[in-house]
Amino acid sequence: MIRTEEILNTVDMIQKENLDVRAVTMGISLLDCHRSTVAETCKAIKEKIKLHAGRLVETCEAVSAEYSIPVVNKRIAVTPIAHIGAGFDSAGFVEIAKALDEVATEVGVDFLGGFSADVSGGTSGGDRELILSIPEALTNTQKVCASINVGTTRSGINMDAVVMLGVTVKDLAERSSDQGGFAAAKFVIFTNQPGDNPFMAGAVHGLGQPEVVINVGVSGPGVIARALERRIAQDGSENLGLHDLADEIKRTTFRVTRSGELIGRRVAKALGVPFGVVDLSLAPTPNVGDSVGEIIQILGVDAVGAPGSTAIVALLNDAVKKGGAFASQSVGGLSGAFIPVCEDQVLANAVRDESLVLEKLEAMTSVCSVGLDMIAIPGSVDAATISAIIADEMAIGMINNKTTAVRVIPVPGKEAGEFVSFGGLFGESAIAPVRNAGKSSRFIQFAGKIPAPIHSLRN
C-alpha cells in the first residue's frame, strides 16, 4: 500500500525539487530505408520517422499533464546512419543529416541522435565518409546529434579514428565560432557505447533493438540533494555514516525511477510500441538546486575537486544504480551520475574557482557515468592534444569495461579562465585550462590501434 507520506513526498519532489523525466526517446530502426540514391533514401527515412513519431510529442504532453510530471525533452534515436548511408560519399551523408533535421522539426522533437558509426574494430568506407561529413552536417542542422564509438573492451581502441576525431572536434568548433564552438557540443566520442541510451548527444538505436521502442531517461539531482539535507538535519551529521547517506540516496532514487518508468510505459502503451529501458542517470541542469556538484558538497567536500570528490562520486553512482535497479523491470542506457560541467552550475563554478581541473574530472569519470562531458577548453588547443584527451578517456572505459565518453568544446578565440555561455540546458562555464597542450603529438602520430586488454579474452 502506498502511504500518504510517500504521496506527499512525491508531490514535493515535483513542485519544489526539480523532479522530472529528463527524456522520452523513441528509438526507430532505419535499416530498411537504404535506397539506390541519396534522394530516395532521404525520402524513405522521412516517411518512416513521420509514421512512427508523428504523435510522440502530443502523447508525451498528454501523459505528462495527466500525472503532473514534466517531460523535459522528447527525442528520437535512429539506427547508426553509417549503416543506412553505406555506399554514399560524404556529400550524401550531409544530405541525410539535413533530411533528419527536417523531419525532426516536422514531428516537433527537441533532438535526434544516431548520426553515428561504430569503428571500434576498424573503419569501413561508409564509416569514413560519415566522419568526414560530420563538421558540415552538424553546422548545417539544428537538431541532429552525432556520436562515434571508437573502442570496446573486446576490440581495443581504434587510434586511427581517434586521430581523425581530434581534427573533427576542432573543425566543428571553428565552423561555429560565432556560437562559441557550439557545434562541438552536439558531438560525442565513446568507448563501449550502449545501443539503448536515451540521452543526447550519444543516443542511438543500436543493432539488436526492436523496430520501434520507447526508452526513458530519469533525473533528479535536486531531489537527491534535498533528501540528503533532510536526513542530515533530522538525525544530525554526528550520528550518520556514509552508509546511512548511501541508503537515503537508494531510497530516493527508487521513487524517482518509479515515476520515470510509469511515464515511459504510459507513453509506449498509448503509441502501441514496446517499452524498452529506464536510464537511471542523475543528469543535472543549469538550474539552481539541480546539481550533482551540490550533492558532492552536501556529502562533505567544501570545494568540488578537493580530495574525497572521487570517492563521493563512486558512492553516489553506486547508490543510484542500486536504488534504480530495484525500482525498474528493465534498466539500461548509461545509468549513473553525470558530471557535465557546463550543464551543472556548481561544477562550472568549481572550474571557475580552479578547484576542479581536467585531470580531477578524468579521475572522477573512472567511477561514474559517463566521461569528460560538456567541458569548454581553450580554442588554441591543437587537434593532436584533443585526440590524446580522447585516447586517455577511452582507455579508462576499455580497461574498466565501462562506458566512457568525451564531449569537449574548444572555444575559438578564448583562453582558460574566460567565460562562454551556450544557453538553455547546455549551460555556461569558465574555460578549463589544458595543461601540457602540444606535448602529445608524437604519441598521436603513431595511430594504429591500442590492443584489447587481456581480460577481454573470455571465451
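Are phenylalanine 111 and phenylalanine 426 buried or exposed? In this predicted model, both of these residues turn out to be buried. Their rings also pair up: the centres sit 5.8 Å apart and the planes meet at 85°, so this pair is edge-to-face. The two partners come from distant parts of the chain, 315 residues apart. Phenylalanine 111 belongs to strand E3 (residues 111-118), while phenylalanine 426 lies in the loop between strand E11 (419-421) and strand E12 (428-430). The story goes beyond two rings, as ring pairs join Phe111, Phe182, Phe422 and Phe426 into a cluster.

In total, the structure holds five aromatic pairs. Another of these aromatic pairs is made by phenylalanine 199 and phenylalanine 338, and it is edge-to-face, with 5.1 Å from centre to centre and 70° between the planes. This pair, too, links distant parts of the chain, 139 residues apart. Phenylalanine 199 is in the loop between strand E6 (187-191) and strand E7 (212-218), and phenylalanine 338 is in the loop between helix H11 (309-327) and helix H12 (345-352). Phenylalanine 199 has 5% relative accessibility, so it counts as buried; phenylalanine 338, at 8%, counts as buried as well.

Now for a pair of helices. Helix H5 (residues 90-107) packs against helix H6 (residues 125-139) at an angle of about 55°, with the axes 8 Å apart. H5 and H6 are therefore oblique to each other, and their crossing is right-handed. On the H5 side, the contact is made by Ser90, Phe93, Val94 and Ala97; H6 contributes residues including Gly126, Leu130 and Glu136. Sorted by class, this contact has six nonpolar, three polar and two charged residues.

Methods: Residues numbered from 1 in each chain as written. Predicted model: local features only at pLDDT ≥ 70, side-chain atom pairs only at ≥ 80, totals over all residues. Heavy atoms only, no water. Axes fitted to C-alpha atoms, helices over the stretch in contact; angles between N-to-C directions. Helix = DSSP H or I, 4+ residues; strand = E, 2+ residues; numbered from the N terminus. Parallel < 35°, antiparallel > 145°, perpendicular 65-115°, else oblique. Left-handed = near helix turned anticlockwise from the far one by under 90°. Contact = heavy atoms within 4.5 Å. Nonpolar A, V, L, I, M, F, W, Y, C, P; charged D, E, K, R; others polar. Phe/Tyr/Trp six-rings, centres within 6.5 Å; stacked < 30°, edge-to-face > 60°. Buried < 20%, exposed > 50% of the residue type's maximum accessible area, 1.4 Å probe, protein only.
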